[in-house]
Amino acid sequence: MEEKTGKLRTHTKVFYGIGDLGNAVVNSAIQFFLMKFYTDGALVMPALAGNALLIGKIWDAVNDPLFGWFTDKTKSRFGKRRVFMIFGAIPLAIAIALLWFVPVADRVWTFVWIAATFILFDTAWTLTNVPYYALTSELTDDYDERSSLTTYRMAMAVPAYLVGAALTPAIVGLFALQRTGYAFIGITYGSLPERRC
């Protein structure tokens with residue numbers, strides 16, 4: 001690896017940027033289509049799904065700074081950032097897939113399922129993504145190089161985000177039932193963020 005105070009090689013920046021491609025596709029699908037899946041595919045009442053997701057969003061406000069502090073204090077033979085990306089990949093894949101499956105059950109169980117799976121997803125997402133984004137400071141101390149790393153990441157993530165927004169409904173439309181299409185999305189997209197490690 002290059003010196004932290006030196007200029008980073010272009011391939012280092014490209015590989016860092018590639019790490020966010022799967023995240024962008026998954027993030028796009030969740031932001032645009034998760035609620036649609038709950039209401040139109042799984043036939044969950046909007047108020048029930050929205051309130052269950054609200055619990056996960058409240059947890060998200062707490063866990064970002066908490067896990068940031070936690071990863072800063074971590075010591076591991078894999079490094080304090082990389083260890084979370086390596087060992088968090090499979091739990092994240094499972095959590096992404098579980099978001100797109102809602103068992104047919106009573107309202108209470110459905111509410112608990114949506115809240116629990118979103119909290120699981122958000123926890124795994126934060127545990128893998130906060131360290132990934134913090135890698136800029138691990139790779140270089142140079143402000144301009146950190147900005148350049150972020151530029152490479154965003155230049156790759158934005159098109160992938162748009163692909164996720166366009167690809168998700170196209171894939172779901174290939175299935176007779178929306179619920180089946182979204183289940184396929186969950187399994188397929190669940191494997192994308194793993195490719196970073």
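# Notebook: salt bridges, helices and a surface patch

I began with Lys-13, which has a relative accessibility of 10% and therefore counts as buried, the cut-off for that word being under 20%. I note at the outset that I am working from a predicted model.

**Salt bridges.** I searched the whole structure for salt bridges and found seven. Lys-13 takes part in one of them with Glu-145, and the closest N and O atoms of this pair are 3.2 Å apart. I then looked up where the two residues sit: Lys-13 belongs to helix α1 (residues 10-18) and Glu-145 to helix α6 (residues 143-172), so that this pair, 132 residues apart, links distant parts of the chain. Glu-145 has a relative accessibility of 6%, and I therefore entered this residue as buried.

I next took up Asp-20 and Arg-153, whose side chains form a salt bridge with an N to O distance of 3.1 Å. This pair also links distant parts of the chain, with Asp-20 in the loop between α1 and α2 and Arg-153 in helix α6, 133 residues apart. I checked the cover of both partners, and both Asp-20 and Arg-153 are buried.

Another salt bridge that I looked up brings together the side chains of Arg-81 and Glu-138, at 3.3 Å from N to O. Arg-81 lies in the loop between α3 and α4 (82-99), while Glu-138 lies in helix α5, so this pair ties together parts that are 57 residues apart in sequence. Arg-81 counts as buried because its relative accessibility is 6%, whereas Glu-138, with a relative accessible area of 23%, is partly exposed. I also recorded that salt bridges with shared partners join Lys-7, Lys-13 and Glu-145 into one network.

**Helix α2.** I moved on to Asn-23, which I located in helix α2 (residues 21-41). The side chain of Asn-23 makes a polar contact of 3.3 Å with the side chain of Asp-20, the residue that I had already listed as a salt-bridge partner of Arg-153. Asn-23 has a relative accessibility of 2% and so counts as buried.

I then compared the span of α2 with that of a straight helix: 21 residues would span 30 Å at 1.5 Å a residue, but α2 spans only 26 Å between its end C-alpha atoms. When I looked for a bend in α2, I found a kink of about 50°, centred on Phe-33. Just after α2, I noted that Leu-43 takes a positive phi of about 60°.

**Helix α5.** I made the same kind of check on helix α5 (residues 107-139), which has 33 residues and reaches 48 Å from its first C-alpha to its last, close to the 48 Å expected at 1.5 Å a residue. There is nevertheless a kink of about 30° in α5, centred on Tyr-133. At the N-terminal end of α5 I found Asp-106 as the cap, with a side-chain oxygen 3.1 Å from the backbone nitrogen of Val-108.

**Surface patch.** Last, I looked at the nonpolar surface and found a patch of about 410 Å², made by Val-62, Leu-66, Trp-69 and Phe-70. I placed Val-62 in helix α3 (residues 46-73), and at 45% relative accessibility Val-62 counts as partly exposed. As a reminder to myself, an α-helix has 3.6 residues a turn, so residues three or four places apart point the same way.

Terms used:
Residues are numbered from 1 along each chain as its sequence is written. This is a predicted model: local features need pLDDT of at least 70, side-chain atom pairs count only at pLDDT 80 or more; totals for chains, interfaces and linings use all residues. Side-chain values use heavy atoms; hydrogens and water are left out. Patches are made of residues with over 30% relative accessible area and no salt bridge: like charges are joined within 9 Å, nonpolar side chains (Val, Leu, Ile, Met, Phe, Trp, Tyr) within 5 Å. Accessible areas come from the Shrake-Rupley method with a 1.4 Å probe; for residues, only the protein chains shown count as cover. A salt bridge is a side-chain nitrogen of Lys or Arg within 4 Å of a carboxyl oxygen of Asp or Glu. Helices (H or I, at least four residues) and strands (E, at least two) are DSSP runs, numbered from the N terminus. Buried means under 20% relative accessible area, exposed over 50%, partly exposed in between (1.4 Å probe, protein chains only). The expected span of a helix is 1.5 Å times one less than its number of residues. The bend at a residue is the angle between axes fitted to the seven residues ending there and the seven starting there. A polar contact is a pair of N or O atoms within 3.5 Å; within protein, one must be able to donate a hydrogen and the other to accept it, and residues adjacent in sequence count only if both atoms are side-chain atoms.
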